[in-house]
Structure formats: structure tokens, C-alpha cells
Amino acid sequence: MIANYGYEDGSGFYYITIDGDHCARCDHRGCVTACPQGVFAIEMDDYDDFVAVVTEEARKRLRELCSPCKRPERRPGSPAQAALYERLSGRRSAAQLVRDQPLLRVKEER
């Protein structure tokens, strides 16, 4: 299940998208510890799987909280993305996977 957390205002759209299917299979939960802003928490979803969610306190502050880790085009993803991909991948580097198949996305449109 794909979950979108965030908001939109006059300056743009600010969302984090989490792929719950991938998250439910992960036992590492590295995204929670890797996020320097403490945006993520682990909660039980509607299917009784433990998945990462964006905390209530962070949902209305994603622009402010996520901007230090939001990746420019040629830089590998955020610490949370890197933690997820290191755990999920045995073959490719975290940077390659973040570029090819993002599981966590910070969407910012203006």
C-alpha cells in the first residue's frame, strides 16, 4: 500500500510517499534511526503490518524538516532512503537504488 503524508500550501506541495509493502518486509527499520529530524515512526497499519509513518508533528512541517536532506539531482538520497536501500539490496549500492527506484520520496512542487 502506498501512503502519502504531507500538505500543500501557497508555496507548493510537500509530501513523503512510503511504499508500505516494502516497509512491512523490512526488519531493520533503518529509516527511523537514520532520519536526523525524527520524521518517521513505526506503527501498525490497517493490515496488521508494522510500517514507517510520518509523525503527526512532522506532517505539517515537511518543507522545513526535510529540506536539509532533500536531494539535488546528482546527489544520493536522504539518510532514510539510503538506510532502506542498504537493507533491501544485496547487489547494488544504495546510491544507485535511490536513483533508480525511490521508495521514499519527498515531493516538492512550486
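One aromatic pair was counted in the predicted model. The partners are Y7 and Y14, whose rings lie 5.3 Å apart, centre to centre, with 40° between the planes. This arrangement is classed as tilted, because the angle falls neither under 30 degrees, as required for stacked rings, nor over 60, as required for edge-to-face rings. Both members of the pair, Y7 and Y14, are buried.

Y14 also takes part in a polar contact: its side chain meets the side chain of S11 at 2.9 Å. The side chain of S11 makes a further polar contact, with the side chain of D9, at 2.7 Å. S11 is located in the loop that joins β1, residues 2-9, to β2. With a relative accessible area of 26%, S11 is classed as partly exposed, because this value lies between the limits of 20% for buried and 50% for exposed residues. The C-alpha atom of S11 is 9.8 Å from that of R63, although 52 residues separate S11 and R63 along the chain.

A polar contact was also found for T17, a residue of strand β2, which spans residues 12-19. The side chain of T17 contacts the side chain of N4 at 2.7 Å. T17 counts as buried because its relative accessibility is 11%, and the cut-off for burial is under 20%.

At the level of the whole protein, the secondary structure consists of six helices and five strands. Their order along the sequence is β-β-α-α-β-β-α-α-α-α-β. The protein has 110 residues, of which 38% count as buried. The accessible surface amounts to about 6900 Å², and carbon and sulfur atoms contribute 46% of this area. Among contacts with a separation of 6 or more, 50% involve residues 24 or more positions apart.

Two pairs in the model illustrate separation along the chain. One is the pair of S11 and R63 described above. Another is formed by R25 and F50, which are 25 residues apart along the chain and have their C-alpha atoms separated by 9.0 Å. R25 belongs to helix α1, and its side chain makes a polar contact of 2.9 Å with the side chain of H22. R25 is exposed, because its relative accessible area is 59% and the class begins at values over 50%.

F50, the other member of this pair, lies in strand β4, which covers residues 50-54. Its relative accessibility of 44% places F50 in the partly exposed class. Together with I42 and M44, F50 makes a nonpolar surface patch of about 270 Å². The accessibility of F50, at 44%, satisfies the patch criterion of over 30% relative accessible area.

Side chains of opposite charge can pair when their charged atoms come close. The search of the whole structure returned two salt bridges. One joins the side chains of E56 and R59, with an N to O distance of 2.8 Å. Both residues of the E56 and R59 pair lie in helix α3, which runs over residues 56-59, and they are three residues apart, about one turn of the helix. E56 is exposed, because its relative accessibility is 55% and the limit is over 50%.

The other salt bridge links the side chains of E64 and R61 at 2.6 Å, N to O. E64 is classed as exposed because its relative accessible area is 51%. R61, by comparison, is partly exposed, with a relative accessible area of 37%.

Backbone torsions were also examined. Most residues other than glycine have a negative phi. R29, which is not a glycine, has a positive phi, near 55°. R29 is placed in the loop between α1, residues 20-25, and α2, residues 30-34. D48 likewise has a positive phi, of about 65°, although it is not a glycine. D48 is found in the loop between β3, residues 40-44, and β4. The relative accessible area of D48 is 57%, and D48 is therefore exposed.

Note on methods
Residues numbered from 1 in each chain as written. Predicted model: local features only at pLDDT ≥ 70, side-chain atom pairs only at ≥ 80, totals over all residues. Heavy atoms only, no water. Patch = residues over 30% accessible without salt bridge, like charges linked within 9 Å, V, L, I, M, F, W, Y side chains within 5 Å. Areas by Shrake-Rupley, 256 points an atom, 1.4 Å probe, with all protein chains shown as cover. Salt bridge = Lys/Arg side-chain N within 4 Å of Asp/Glu carboxyl O. Helix = DSSP H or I, 4+ residues; strand = E, 2+ residues; numbered from the N terminus. Buried < 20%, exposed > 50% of the residue type's maximum accessible area, 1.4 Å probe, protein only. Polar contact = N/O pair within 3.5 Å; in protein donor to acceptor, adjacent residues only side chain to side chain. Phe/Tyr/Trp six-rings, centres within 6.5 Å; stacked < 30°, edge-to-face > 60°. Contact = heavy atoms within 4.5 Å.
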